[in-house]
Amino acid sequence: MKRIFDLTLLLLAAPLILPVTGLLALAALIAQGRPVFFLQERTGLHGRIFLIWKLRSMSTEADVQARRPTRFGRWMRDRGLDEMPQLFNVFKGDMSLVGPRPLTPADCARLGAIHPDFKARLRLRPGLTGPAQVTLARGAALTARLDVRYAEEGTAVTDLAILLRTVWMHVVGKRRGAAALPR
């Protein structure tokens, strides 16, 4: 049912999303050059590894530690626009619109060892947004608690509320639009 919900919303929004993503990719190409996209391995449903798509927002030095956000990249990141290509991951079925944010395999192993509850997130497809993002939760322990609660209690109504809160945060700013942390 969740997959149908994701695809329905995605297809309804496609006439807006596709041209905006195309324009952002063109602007990134003009402002930053190639490569336009950044691909990275992430851990998904049942621990399956997939490639996540983003618009590149960092410089391209050979030394990863020397890379910094570009001016255009910072602008995209501040608005969450660098993550629009992840809608392709949703379409492919690697991700959902709402769920725990996908972690790199290394972070998934490290945090799973420290916080065993973190492994509950692997029962769900990772999402573009989730409870930790709309509350601006900080720290692995709090994020794990929110993800476990979502895994156990999440519904279509919860997903819709998280999606609406995410849009609101992008309209008014992340700090002003964030929801209160649940108790």
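**Exercise 1.** In this predicted model, state whether Trp53 is buried, exposed or partly exposed.

Solution. The relative accessible area of Trp53 is 26%. Buried means under 20% and exposed means over 50%, so Trp53 counts as partly exposed.

**Exercise 2.** Find how many aromatic pairs the whole structure holds, then classify the one formed by Trp53 and Phe88.

Solution. Step one: a search of the whole structure gives three aromatic pairs. Step two: in the pair of Trp53 and Phe88, the ring centres are 5.7 Å apart and the planes stand at 80 degrees. Step three: planes over 60 degrees apart count as edge-to-face, and the Trp53–Phe88 pair is edge-to-face. Step four: Trp53 lies in strand β2 (residues 49-55) and Phe88 in helix α3 (residues 86-92), 35 residues apart, so the pair links distant parts of the chain. Step five: Phe88 has a relative accessible area of 40% and is partly exposed.

**Exercise 3.** Classify the pair formed by Phe72 and Trp75, and place both residues in the secondary structure.

Solution. Step one: the ring centres of Phe72 and Trp75 are 5.7 Å apart, with 20 degrees between the planes. Step two: the cut-off for stacked is under 30 degrees, so this pair is stacked. Step three: both residues belong to helix α2 (residues 71-79), and because they are three residues apart, about one helical turn separates them. Step four: Phe72, at a relative accessible area of 18%, is buried, whereas Trp75, at 37%, is partly exposed.

**Exercise 4.** Name the residues that form one aromatic cluster with Trp53.

Solution. Phe37 and Phe88 join Trp53 in one aromatic cluster.

Definitions and conventions
Residues are numbered from 1 along each chain as its sequence is written. This is a predicted model: local features need pLDDT of at least 70, side-chain atom pairs count only at pLDDT 80 or more; totals for chains, interfaces and linings use all residues. Side-chain values use heavy atoms; hydrogens and water are left out. Rings of Phe, Tyr and Trp (its six-membered ring) pair if their centres lie within 6.5 Å; planes under 30 degrees apart count as stacked, over 60 as edge-to-face and the rest as tilted. Helices (H or I, at least four residues) and strands (E, at least two) are DSSP runs, numbered from the N terminus. Buried means under 20% relative accessible area, exposed over 50%, partly exposed in between (1.4 Å probe, protein chains only).
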